[in-house]
Amino acid sequence: MLPGGLAACATLAWAGAEPSAEIRSSAVLSSEYLYRQYQRADGLPDNQIRAMLSSRSGYLWVATRFGLARFDGTRFAVFNHLNTPEMGTGDCQALTEDRAGNLWFICDQRLLRMAEGRPVLATSETVVQGITPGSLWGDQLGRIWAGYASHLTVCLPDGGARRFALGSGVPDLVTAIGEPAPGRIWMGSLMGLYEVDPINGRFPRVQPELPFTGMSVMAFGPRARGGCWVLFSDLQMGRGKWLGDSMWLRHYQDGRWDRAELPATPDFRFRMPYAFLLETRGGDLWLPALPGLITRYRGGVFEQLPIPHELERQWVTCVAEDREGNLWLGTGSEGIQRWQPRRLGSLTTRDGLAHDNAWALCESRDGSVWIGTDGGVSRFREGEFTHVTVQEGLSRNTVRALAEDSEGTLWVGTGDGLQTWRDGQVQRTEFPGEWHEGKIRTVLAARAGGVWVGTAVGLQRFHDGQWHKFTTADGLGTNDVRALLEDRTGALWVGTFGGGLSCRREGAWTTLRTADGLSNDRVWALHEDQDGVLWIGTEYGLNRLERGRFTRYTTAQGLPDNLVNQILEDDRGWLWVGHDRGIYRVRREELNQLAAGRVKNLRCVRYDETEDGVPIETNGQKSQPAGGRLRDGRLWFPTTRGVLVFDPARHREEETPPVLVIEQVRANGRRVYDNGPLDPQEPPLPRSAGLPLHFPPGSARVLEFRYAATTFGSPEQSRFKFRLLGLDENWTDAGTRRVAYFTDLRPGDYRFQVIAGNRHGVWNEEGTSLAFRVQPFLHETWGFYVAASLGVAMLITLGVRWRVRELRRIHRLEQVHVLDEQRRRIARDLHDEIGASLTQIVRLSQPANGHPADEASPAERTHRIAAVAGETVDRLGEVVWANNPKYDTLEDLVSYLREYAAQYLAAMPLVARFDFPASVPLAPASGLVRRHVLLVAKEALQNVVRHADATHVTLGLILQDGQLQIRISDDGRGFAPGGPGRHGNGLDNMRERIAELGGTLEVTSAPGRGTTVQAMVPLHHAS
């Protein structure tokens, strides 16, 4: 925009030409673009637009009188004087981007830049006057050039800045700055074109080939093929006012000015207060025009395109192109407008199609496209429609199948027969048989001549004037034929309704069904790709057949729909699939990789029911071919609302994934990070706000992450997935939600990651991330854990040491107790066993004192003393053996029992049987155990000898299940336990001894049936 009074007097005209620019009608233009208007009601700070820029971050930046707006497709974030005091009044006038992707802008006579999402002053100087939208430029060396009223400032990548005063014939107003070559800077002014020499601070003039010298430079525009566009004007000062009414467009590259490629340019001759130049990635050049118009230079032709009626009296002040190919127009007082290029073309009854319900189509050799509809056959040629209907001889207007044979004859299949069209004449072809033979589904021209015709009751072959019919009797899967394909080897493939996929090769038929791997037996579409792989569309899934092996693809692998009406392939390796709810495309290589097991899911680009405002419901199933690829590469799909035309070359933008950004982070409801404008009503960001984030203890119990995807084609349909590394490795599908919450995170390091996909299912897999740390409380730190662990270890150590001392003390006491007990036991045994015997010996050795017992002869007394002394020696040996630790083993106990029993019973009139184990395990047996077991066995054997009157006795010892079992049985007279006649305490003593060892004693006896004594002693007690 020109400063001050210049805007009122500048005029635009294309010099040296007659008025000849084509003005396109809005109706024709609407077939190229979809429009949408954005104004203050949508979030813009003001409707007067000064400048626009689409940054590499994906945002659209809009400079207005009352602030700078950042647009992500769904929301305008506004920076103004209320939330950014550095912006002064908020009047923004120019925008640019440096090599690193940082935004720079001029606002209220100040140069600012965006740093971590916030505007900051770039220099301390202020601008007095004369800022134009083109006077700010970021060059390819990373420098920022700003032209003011009386000087030029350059900001260097290292943070320094230099100021160049304008003088020596250079006017005091910089209108535009451009870069004809990397690092080479041109400066435009009202007095001409100058090159900047930053080393010497000089501005040598550049002399283009123009009718006049010193012509004003209005705008620069980079060109994709190199160099730059320059817009000149003859605007000059004369007689106290600015004069001039013409403009010239030139292209500069590699030292030469070029206008040879431009045709005779039209002379608009209108007053033009705004100047801009933009060359899009598609090669279109956009320039200003009259109010309500904009100029487009495409393919050597200038066109003046009308903008929608809401803006019919509005000047276009600036233009920008985003990364998705959308064109953005800024206006003088009505906001901005998005022009989204239509990806789809359509042909309907409004364009001349016979009927909107289209079924089949084919391209003829002369370039015509024949379309079968419910209103007959429409022929589209050179943009015009002609029709063949019942009036021209068709049997019915409902046309379901079309094919052109090698002789140029068009075959037309209807629901009531088959006709041909040749040389403007319709001829009817009769099938032999009933009327329903003529219910045509598909027609295919055979390479060897003739045609194949699929009907509801069989497959017909017409060749050399003869018809031949094939049915299930010949090997066809079923008689209802829905799709036909002849592959490169000459084999004929037949898709049927419910009969699977049949193949006729060298006269023989084979049929493949679901049992062979086909996803469904209702086959609607067939396609052979350039590698010879067969693709089969069914009612449930897409199938790949190579070398007899099927691979099935359904929604489980990522397809948008399971139904397939048609399959087409473009030159770029995409398969295009039509279904009842739209069309999608998927890379053939990705399908092959899934078949090989290298990927698990497919990424499809979808075109839903409202794509570009055009309903999509493709036909098929009972009509073929339900689509076709033309020789020019375009893809045509018949639908219920006309014919859709895709140009794959114009669908590259849909492969562009959205750009992701994390816009805000809140902790416990308080904002801790924000890359957008601050809300004055909220508390200011903490001083620690920045990246990476660190949350003090307890400040991040609830974390909230707000993110956005910068996309402008149906941004509300963008989908998101996020995860928090450090908490969970799995992705959470957030759908269209743009916020994620986490609660009660443990202290540690985390990384929040988010990815997004656009409405076509193209995902930005790299996404964006934000690292942060949750600081622990003192009791959650490693130092605390270490100190606590050391403290616990010390306490445990002290406790263990105390316990060891106590155990040692207890052990010593127990040892003393055991020794005391053992001494008492030895004393008792000596007293009971040895003392009584010695007393008896003393009594026997004394003189007779008148008692009958003492009247024995000396020989008898000597004999009795010897016997008692022998028993005493034996008992003393037993006491010594029981208390000798040398024999504290189970093996010694068993050996002693065996030896004692053998010696004791050898002198008795009994038959003795011993049942002892062959080997005894190595196990301890204390003196107490050995003593008690020996005494119990001894008491039991003595009872047998003294009271049982037995002839046989058995002594058995068994070691099993952790127990020592001793069993003594006899065949004596027995007794009734607990009955009369029981004398002595022998059994009670035996039970007490075994009970002291933790065991049990059982006595089994009956009169006349002998007695059995069984003692069970736990082996663990023996130790």
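**Notes on a predicted, strand-rich chain: Thr-538, ring pairs and cysteines**

1. A polar contact of 3.1 Å runs between the side chains of Thr-538 and Ser-519, and that is where I would like to start. Please keep in mind that this is a predicted model. Thr-538 belongs to strand E52, which covers residues 534-538. The side chain of Thr-538 also comes to 3.0 Å from the backbone nitrogen of Tyr-540.

2. Is Thr-538 buried or exposed? Its relative accessibility is 0%, so Thr-538 counts as buried. Leaving aside residues up to four places away in sequence, Thr-538 touches Leu-518, Ser-519, Asn-520, Arg-522, Val-523 and Trp-524, as well as Asn-543, Asn-562, Leu-563 and Val-564. Ser-519 thus turns up both in this list of neighbours and as the side-chain polar partner of Thr-538.

3. Now for the chain as a whole. The protein chain has 75 strands and 9 helices. Of its 1023 residues, 52% are buried. Taking contacts between residues at least 6 apart in sequence, 55% join residues at least 24 apart. The exposed area of the protein chain is about 47600 Å², with carbon and sulfur atoms supplying 49% of it.

4. The aromatic residues deserve a look, with 42 aromatic pairs in the structure. One of them is formed by Trp-145 and Phe-164, a stacked pair with 6.5 Å centre to centre and 20° between the planes. This pair links distant parts of the chain, 19 residues apart: Trp-145 is in strand E13 (residues 144-147) and Phe-164 is in strand E15 (residues 161-165). Trp-145 counts as buried because its relative accessibility is 1%, and Phe-164 is buried with a relative accessible area of 5%.

5. Another pair to inspect is Trp-328 with Phe-712: the ring centres are 5.2 Å apart and the planes lie at 75°, so this pair is edge-to-face. Which parts of the chain does this pair tie together? Trp-328 lies in strand E32 (residues 327-331), while Phe-712 lies in the loop between strand E65 (702-710) and strand E66 (719-725), so the pair ties together parts that are 384 residues apart in sequence. Both Trp-328 and Phe-712 are buried.

6. Ring pairs also build a cluster, and here is its membership for anyone who wants to colour it: Phe-695, Phe-705, Tyr-707, Phe-720, Phe-722, Phe-742, Tyr-750, Phe-752 and Phe-772.

7. Rings meet charges too. The charged end of Arg-70 sits over the ring of Tyr-59, at 4.4 Å from the ring centre. For Lys-721, the charged end sits over the ring of Trp-763, at 5.0 Å from the ring centre.

8. Finally, the cysteines. How many disulfides does a search of the whole structure find? The search finds 0 disulfides. Cys-107 is in no disulfide, and the nearest cysteine sulfur, which belongs to Cys-92, is 3.5 Å away. The cut-off for a disulfide is a pair of cysteine sulfur atoms within 2.5 Å, so the sulfur distance of 3.5 Å between Cys-107 and Cys-92 does not qualify. Cys-107 counts as buried because its relative accessibility is 0%. Cys-503 is buried as well, with a relative accessible area of 4%.

How values were computed
Residues are numbered from 1 along each chain as its sequence is written. This is a predicted model: local features need pLDDT of at least 70, side-chain atom pairs count only at pLDDT 80 or more; totals for chains, interfaces and linings use all residues. Side-chain values use heavy atoms; hydrogens and water are left out. Helices (H or I, at least four residues) and strands (E, at least two) are DSSP runs, numbered from the N terminus. Buried means under 20% relative accessible area, exposed over 50%, partly exposed in between (1.4 Å probe, protein chains only). A polar contact is a pair of N or O atoms within 3.5 Å; within protein, one must be able to donate a hydrogen and the other to accept it, and residues adjacent in sequence count only if both atoms are side-chain atoms. Contact means heavy atoms within 4.5 Å. Rings of Phe, Tyr and Trp (its six-membered ring) pair if their centres lie within 6.5 Å; planes under 30 degrees apart count as stacked, over 60 as edge-to-face and the rest as tilted. A charge sits over a ring if NZ of Lys or CZ of Arg is within 6 Å of the ring centre and within 35 degrees of the ring normal. Accessible areas come from the Shrake-Rupley method with a 1.4 Å probe; for residues, only the protein chains shown count as cover.
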